[in-house]
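Got your viewer open? Let's take a short walk around this one, one selection at a time.

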Amino acid sequence: MEQEIEATLDRIEDGIAVFIVSQSEATLEWPEKELPDGLAEGDAVTIFARIEKNAEKTMEDKKRIADKLEQLRKKNGNPE
C-alpha cells in the first residue's frame with residue numbers, strides 16, 4: 001500500500017525532525033540527517049510512504065522473543 005502524506009516540518013530538536021501531519025495533526029519523527037537539503041521549519045512537505053508486511057522478519061522476531069521467554073522461564077525455574 002502506497003500513500004502520500006501531507007505534513008509540515010514543525011521543529012527540529014536533538015537531531016530529530018518533527019512533522020505535523022495535515023490530515024490528522026499526528027506527529028511523525030524523522031532523523032534530521034536524513035532530510036533533504038534546504039528543508040526548514042514551517043516548510044510543507046509530501047511524504048511518500050509504502051507499507052509492506054515483512055513476513056520473514058515477523059517470524060524471526062517471534063522466534064527470538066519465544067527463545068528469550070524460554071530462557072527466562074528456565075532461569076526462573078519454571079520450565080513450562
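Keep in mind that this is a predicted model.

**Stop 1: a greasy spot on the outside.** Select Ile65, Leu69 and Leu72, and show them as a surface. Together they make a nonpolar surface patch, with about 260 Å² of accessible area between them. Now click on Leu72, which sits in helix 1, residues 55-75. Is Leu72 buried, partly exposed or exposed? Its relative accessibility is 46%, so Leu72 counts as partly exposed.

**Stop 2: a charged pair on helix 1.** Stay on helix 1 and pick Lys57 and Asp61. Their side chains meet in a salt bridge, 2.7 Å from N to O. The two residues are four apart in helix 1, so about one helical turn separates them. Lys57 is partly exposed at 41% relative accessible area, and Asp61 is also in the partly exposed class, at 23%.

**Stop 3: a small charge network.** Next, select Asp10, Arg11 and Glu13, and show the side chains as sticks. Salt bridges link these three residues in a network. Which two partners does Arg11 have here? One is Asp10, with an N to O distance of 2.4 Å; another is Glu13, at 3.4 Å. In general, side chains of opposite charge can pair when their charged atoms come close. For accessibility, Asp10 comes out at 35%, Arg11 at 31% and Glu13 at 41%, and each of these values counts as partly exposed. If you'd like to go hunting for others, the search of the whole structure finds six salt bridges.

**Stop 4: the largest pocket.** Finally, select Ile5, Phe19, Leu28, Trp30, Glu34, Leu35, Pro36, Leu39, Val45, Thr46, Ile47 and Ala49. These residues line the largest pocket, which holds about 180 Å³ of space. Colour strand 3 (27-31) and strand 4 (44-50): these are the elements that give two or more residues to the lining. Which of them gives the most? That's strand 4, with four residues. Colour the lining by class and you should get ten nonpolar residues, one polar and one charged.

Before you close the session, zoom in on Thr46, a lining residue that lies in strand 4. Thr46 has a relative accessible area of 35%, so it is partly exposed. Then draw a C-alpha to C-alpha distance from Thr46 to Glu34: the two are twelve residues apart in sequence and 15 Å apart in space.

Conventions: Residues numbered from 1 in each chain as written. Predicted model: local features only at pLDDT ≥ 70, side-chain atom pairs only at ≥ 80, totals over all residues. Heavy atoms only, no water. 1 Å grid on protein atoms, 1.4 Å probe; cavity = no way out; pocket = protein on both sides within 12 Å on 5 of 7 lines; lining within 4 Å. Points joined across faces, edges and corners; volume = space filled by probe spheres on them. Nonpolar A, V, L, I, M, F, W, Y, C, P; charged D, E, K, R; others polar. Patch = residues over 30% accessible without salt bridge, like charges linked within 9 Å, V, L, I, M, F, W, Y side chains within 5 Å. Areas by Shrake-Rupley, 256 points an atom, 1.4 Å probe, with all protein chains shown as cover. Salt bridge = Lys/Arg side-chain N within 4 Å of Asp/Glu carboxyl O. Buried < 20%, exposed > 50% of the residue type's maximum accessible area, 1.4 Å probe, protein only.
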